Amino acid sequence: MSILCCPVCGLPLVRGDSAWRCARRHSFDIAREGYVHLLPANQKHSKAPGDDKGMAAARNRFLSGGYYRPLREALEALALEHTEGSVTLLDSGCGEGYYTCGVYHTLCQAGKAVDATGVDISKFSLRWAAKREKGIDFAVASAYRLPVESGSVNLLLNCFSPLAIEEFRRVMKPGGTFLYVVPGPEHLWELKQLLYDRPYRNEEQRIPYEGFCYDRVVRVEQRIHLPDQEAIHDLFQMTPYYWKTPREGAERLAECGTLDVQISFDIHVFHRTTL
């Protein structure tokens with residue numbers, strides 16, 4: 001059963017052959033790829049918010065190449081460790097669905113009953129996500145106004161996406177697990193050395209959030225080899241550096257034929273406290 005709710009009135013949505021509908025007859029068409037658009041016009045800050053078509057395609061190519069597989073496998077292992085029986089999974093800021101689908105398939109293969117939903121503000125990303133897996137409900141929506149039933153989620157993923165902690169607190173069940181992924185201190189250090197004259201390491205933080213208690217922080221690190229300029233540029237294009245790098249740095253990167261780079265991720269494991 002879906003956890004998606006109508007963004008107009010808040011009532012549960014039911015999926016039909018061509019649209020999602022609520023009891024008040026608000027209707028939302030299903031796109032050809034399989035996702036649904038649940039972002040009202042008054043919640044948009046631009047005509048096409050989120051990752052654009054090129055960024056979404058670059059992210060899909062890069063992640064499909066397996067370069068970030070260590071992170072996906074760590075999330076899969078944590079999902080297995082922290083869930084029992086049936087699982088209601090929400091990936092907020094799911095992008096093109098690489099981590100959503102990995103966790104979903106792992107839980108299903110372990111014999112768990114899984115209801116999975118992915119939301120992202122970029123329709124271009126969700127076109128890729130919906131093609132990856134038809135068993136997951138994908139919706140265009142804002143993390144700050146999730147069209148999701150309150151108290152319905154017992155496994156929440158958030159990978160490099162906006163931390164809408166009030167909404168996360170609202171939608172999660174007491175005792176549920178929240179996996180929050182941020183870059184580690186040395187993440188993409190060699191890439192940053194090429195792009196900037198004075199690269200900086202990412203700050204390590206452990207911030208307590210009301211309604212959640214810390215379990216632990218899991219660090220995932222590995223060196224990866226990017227064999228050609230296409231892979232290097234795809235990585236560059238899917239990072240925030242793409243928009244704020246000096247021209248000289250981008251030119252240095254474009255001259256690289258291969259690149260060995262450190263990847264580093266911190267998975268902050270939280271549990272939703274009892275209400």
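**Exercise 1. Helix pair**

In this predicted model, α7 and α9 are roughly antiparallel to each other. Show which angle supports this, and which residues form the contact.

*Solution.* Start with the geometry. Helix α7 covers residues 229-237 and helix α9 covers residues 247-254. They pack at an angle of about 150°, and their axes are 10 Å apart. Angles over 145 degrees count as roughly antiparallel, so α7 and α9 fall in that class. Next, the residues. From α7 come Q229, I232 and F236; from α9 come A250, L253 and A254. By class, that contact holds five nonpolar residues, one polar and no charged ones.

**Exercise 2. Sheet order and edges**

Trace the open sheet of eight strands and find its edge strands.

*Solution.* Write down the order: β4-β7-β6-β5-β8-β9-β11-β10, with mixed pairing. Now look for strands that pair on one side only: these are β4 (36-37) and β10 (212-226). Take β10 further. Strand β11 (residues 259-272) runs antiparallel to β10, and 14 bridges join the two. R219 has D266 in β11 as its bridge partner. Finally, add the helix on the sheet. Helix α4 (residues 123-132) touches β6 (114-120) and β7 (137-140). The direction of α4 makes about 170° with that of β7.

**Exercise 3. One residue in β6**

Is T117 buried or exposed? Which residues does T117 contact, leaving aside neighbours within four places in sequence?

*Solution.* Locate T117 in strand β6. Its relative accessibility is 3%. Buried means under 20%, so T117 counts as buried. Then list the contacts: I3, L4, L89, L90, D91, I136 and D137.

Note on methods
Residues are numbered from 1 along each chain as its sequence is written. This is a predicted model: local features need pLDDT of at least 70, side-chain atom pairs count only at pLDDT 80 or more; totals for chains, interfaces and linings use all residues. Side-chain values use heavy atoms; hydrogens and water are left out. Axes are lines fitted to C-alpha atoms, for helices over the stretch in contact, and angles run from 0 to 180 degrees between N-to-C directions. Helices (H or I, at least four residues) and strands (E, at least two) are DSSP runs, numbered from the N terminus. Angles under 35 degrees count as roughly parallel, over 145 as roughly antiparallel, 65 to 115 as roughly perpendicular and the rest as oblique. Contact means heavy atoms within 4.5 Å. Ala, Val, Leu, Ile, Met, Phe, Trp, Tyr, Cys and Pro count as nonpolar, Asp, Glu, Lys and Arg as charged, and the others, Gly among them, as polar. Two strands pair if DSSP finds at least two bridges between them. Buried means under 20% relative accessible area, exposed over 50%, partly exposed in between (1.4 Å probe, protein chains only).
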